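Here are my comments on the model you sent. They are set out as numbered points, by topic.

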Amino acid sequence: MSREPQLHPRERSIERSRELFERARRVIPDAAQTNSKRPERFVVGVSPTHAARAEGSHFWDVDGNEYIDYLMACGPVILGYDHPAVMDAVTEQVSDGSMYSLPHPLAVDVAETITEIVPCAEMVRFGKNGNDVTALSAKLARAYTGRDTIATAGYHGWPDVFLSASDAARGIPSGVSEYTERFGYNDLESARRIFEDSDDVAAIITTPASARTPNDGFLEGLRELADEHGALLVFDEVFTGFRFALGGAQERFGVTPDVACFAKAMANGYPISAVAGRRDVMKTIGEPGFTFSMTYAGEVVSLAATKACLDVLQSNEEEIYDRIYAVGDAIREGFNDLAAAHGIDDRASASGIAPRVVTRFTDEAGTPDPDARSLFLQEAHKRGVFVPGSHIPSAAHSDADVEYTLAVYDEVLAILAAAIERDVVADRVDGQG
Ligand code: PMP
């Protein structure tokens, strides 16, 4: 199979994708298992809906169309899809079994490695999803401090404690929201106000960075606030962990939390998560009256994948993070140069730190323009660049990938500029997305 998708809309069929979408929506609510993979997140009728296989930074949809992937399975695949060290470790472990009646030594090995890599990590427990460990971090902070309120910013999955105070609170008893206070990311004052109004704050739980990076003093300010009031500082590093730097965003931005949550980039696509933190806090998990336990936590194939992935990241640290940052920077700068060259830099822009470069499409008034976004996605997907809006570069993204992507963006932004000029953006969107 070619590593170079063709630089023009191909005679491209997505017939099998369409059929699968129709079948899926009859038997699967949302037609997908993960919000960010729902067909409606892309351009229905144009974007592929199901993937068949993947190599490096590319995947093939069920109709055989090839794409450069900028979603990378929502973040886990940091080394590229078929990384040999991870595949070998997994294959070897599968032949020995995936689960036993006792913990496997790999749980100890991997926990030790995480304590070497992650600044806050003195002890580590494993889960399977980000949700498991973000929910645990709130429960742990409450049990450790004897307080109930969680001050939080950012997305942490669907545990009640986080969604109770959001617009996705259906199914959560209203009383739960009494114990959740939201503050604004990069708005230290709003965090401070929570502590002024309450002496019951168990923890500040925030993403240290996401599409936005911390303003000077923001994370340091949260650290001081937590210390001053005897609350814990928890970083949700589910996305940033092992990605913004080997030691996560806490290493990249130089602020150490008491506890941190990890999941995505630790096993190159195998299902595992971890909570890591201060020994005295983590030991609460083993105390009477506190439970965190799952049949599949400690499942060994994922631990083998984690060991292999962390080994590769540790022994090629400079090269891997240089590549991720080079790709992200090139995409962001290239996109913005092209938007300017086509005269639409007031309507289309790319921003964010290299490991997560986000595109934004707006109307004249500066409000988000979903049609412009759909047209961009549609034309990029037709040309073999699978961009969901943001870009998550992996160590497998090559200079050729970047070059091809920017050549596609040149064409796509020209199409968008012409559509904006003629005020026909919505008409040019073929799908219903
Ligand atoms: N926290 C953050 C920062 C995330 O990005 C996500 C997933 N997008 C989660 C928590 C939830 O993780 P999971 O989907 O693995 O349960």
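1. Cavity search. In this predicted model, a search of the whole structure turns up 1 cavity of 30 Å³ or more. The volume of the largest cavity is about 30 Å³. Its lining consists of Pro 39, Phe 42, Val 43, Val 44, Gly 45, Ser 47, Pro 48 and Thr 49. By class, that lining splits into 5 nonpolar and 3 polar residues, with no charged ones.

2. Second largest pocket. This pocket has a volume of about 590 Å³. It is lined by 20 residues, and those closest to its centre are Lys 37, Thr 49, His 50, Ala 51 and Phe 59. Thr 49 also appears in the lining of the largest cavity. The pocket lining comprises 13 nonpolar, 4 polar and 3 charged residues.

3. Contribution of β1. Which strand gives the most to the lining of the second largest pocket? Strand β1, residues 51-55, does so, with 4 residues. Ala 51, at the start of that range, is one of the residues closest to the pocket centre.

4. Sheet containing β1. The strand belongs to an open sheet of 4 strands, in the order β1-β2-β3-β13, with mixed pairing. The edge strands are β1 and β13 (385-386), each of which pairs on one side only.

5. Hairpin. β1 runs antiparallel to strand β2 (residues 58-61), and 4 bridges join the two. Glu 55 stands opposite His 58 of β2. The two strands form a hairpin with 2 residues between them. In the turn, Gly 56 has a positive phi of about 55°.

6. The other edge. How do strand β3 and β13 run, and how many bridges join them? Strand β3, residues 66-69, is parallel to β13 and is joined to it by 2 bridges. Ile 68 has Val 385 in β13 as its bridge partner. Mixed pairing in this sheet can be seen by setting the parallel β3 and β13 beside the antiparallel β1 and β2.

7. Ligand surroundings. The residues around the ligand are Asn 129, Gly 130, Asn 131, Tyr 155, His 156, Gly 157, Thr 207, Asp 236, Val 238 and Lys 264. This shell divides into 2 nonpolar, 6 polar and 2 charged residues.

8. Ligand contacts. Which side chain has an N or O atom 2.6 Å from an oxygen atom of the ligand? That side chain belongs to Asn 131. For Lys 264, an N or O atom in the side chain is 3.0 Å from a nitrogen atom of the ligand. Tyr 155 takes part through its backbone, with an N or O atom 3.4 Å from a ligand nitrogen atom. On its own the ligand has 390 Å² of accessible area, and the protein covers 78% of this.

Technical notes. Residues are numbered from 1 along each chain as its sequence is written. This is a predicted model: local features need pLDDT of at least 70, side-chain atom pairs count only at pLDDT 80 or more; totals for chains, interfaces and linings use all residues. Side-chain values use heavy atoms; hydrogens and water are left out. A residue is near a molecule or strand if one of its heavy atoms lies within 4 Å of it. A polar contact is a pair of N or O atoms within 3.5 Å; within protein, one must be able to donate a hydrogen and the other to accept it, and residues adjacent in sequence count only if both atoms are side-chain atoms. Accessible areas come from the Shrake-Rupley method with a 1.4 Å probe; for residues, only the protein chains shown count as cover. Ala, Val, Leu, Ile, Met, Phe, Trp, Tyr, Cys and Pro count as nonpolar, Asp, Glu, Lys and Arg as charged, and the others, Gly among them, as polar. On a 1 Å grid over the protein atoms alone, a cavity is a set of points where a 1.4 Å probe fits but cannot get out, and a pocket is an open set with protein on both sides within 12 Å along at least five of seven lines; lining residues have an atom within 4 Å of a point. Grid points are joined across faces, edges and corners, and a volume is the space filled by probe spheres set on the points. Two strands pair if DSSP finds at least two bridges between them.
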